[in-house]
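Reader: Please look closely at one part of this model, the enclosed space and the residues around it, and then add whatever you can say about the ring contacts.

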Amino acid sequence: GALLPATIAPVIFLLGMTGQFGRLTGLDGFPTDSYMSWIVPLSCLQGAGFAGAATGSNLARDIEQGWFDRLLVAPVPRPVLLAGPILGGITRSLVPATVVLIVGLVLGAELTGGVPGLMALYVACAGFCAVAGLWGTFMALTFRTQQAGPLMQQGVFLAVFLSTAYTPEVLLRGWLAEAAAINPVTHVLELARQATVSGIEPSLANTVPGLLALAGMFAVLGGLALLGLRRM
């Protein structure tokens with residue numbers, strides 16, 4: 001039941017965005033002639049992000065019900081209390097990511113990156129899930145109520161949409177282009193798109209920036225989450 005929202009929502013997004021913006025591939029500078037191939041990695045990241053954000057919602061519920069208080073007095077290092085839920089979220093994220101990928105391939109997306117590209121896609125999804133999970137955990141430890149759930153989801157939405165979600169960076173204009181240029185999720189999307197976008201081939205140049213972006217976000221949000229845990 002918990003997997004259904006994180007799986008159905010990105011599939012609906014995949015279908016809706018492809019039908020709405022499919023002809024953007026006709027613009028000069030678009031790296032692929034298949035918008036389905038462009039949008040599939042984004043939808044996979046969304047599913048992984050929703051699965052990660054659910055970690056924060058679950059933690060907020062445990063805090064409200066008093067279960068987390070019992071964990072705080074357990075004789076284990078505090079970071080372990082965060083590592084368990086985050087690893088669980090990463091495991092759950094594989095389900096929506098795989099379902100979205102299969103739907104995309106059935107509807108015409110191409111796996112142009114082969115095995116290296118597929119590995120890059122799953123690394124991006126797992127990393128983004130961990131980052132979203134840390135964000136949700138920080139929100140849960142800060143507000144200590146399930147009413148913070150919308151903030152957890154909106155954080156994922158904003159991080160994705162203020163990037164190269166719909167079009168490549170060279171085609172963005174105005175403030176959105178500036179936001180996408182400094183948004184680390186832009187590099188994570190480039191990492192994931194090595195799987196399906198023919199114009200983004202698997203290479204170190206397309207992989208390293210995404211890994212560094214994930215590491216940076218993980219370090220910052222992990223530090224905030226540990227700070228919130230210490231305040232508990």
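Author: For sorting residues by class, Ala, Val, Leu, Ile, Met, Phe, Trp, Tyr, Cys and Pro count as nonpolar, Asp, Glu, Lys and Arg as charged, and the others, Gly among them, as polar. This is a predicted model, in which local features need pLDDT of at least 70 and side-chain atom pairs count only at pLDDT 80 or more, while totals for chains, interfaces and linings use all residues. Residues are numbered from 1 along each chain as its sequence is written, and side-chain values use heavy atoms, with hydrogens and water left out.

The structure holds one cavity of 30 Å³ or more (on a 1 Å grid, a set of points where a 1.4 Å probe fits but cannot get out), and the largest cavity contains about 30 Å³ of space, the volume filled by probe spheres set on the points. Its lining, meaning residues with an atom within 4 Å of a point, consists of L59, L81, L82, P85, I86 and T137. Five of these residues are nonpolar, one is polar and none is charged, and helix α4 (residues 78-106; a DSSP run of H or I, at least four residues) gives the most to the lining, with four residues.

As for the rings, the count comes to seven aromatic pairs (centres within 6.5 Å; planes under 30 degrees apart are stacked, over 60 edge-to-face, the rest tilted). F13 and F161 form a tilted pair, 6.1 Å centre to centre with 40 degrees between the planes. Because F13 lies in helix α1 (residues 3-21) and F161 in helix α6 (residues 149-161), this pair ties together parts that are 148 residues apart in sequence.

Notes
On a 1 Å grid over the protein atoms alone, a cavity is a set of points where a 1.4 Å probe fits but cannot get out, and a pocket is an open set with protein on both sides within 12 Å along at least five of seven lines; lining residues have an atom within 4 Å of a point. Helices (H or I, at least four residues) and strands (E, at least two) are DSSP runs, numbered from the N terminus. Rings of Phe, Tyr and Trp (its six-membered ring) pair if their centres lie within 6.5 Å; planes under 30 degrees apart count as stacked, over 60 as edge-to-face and the rest as tilted.
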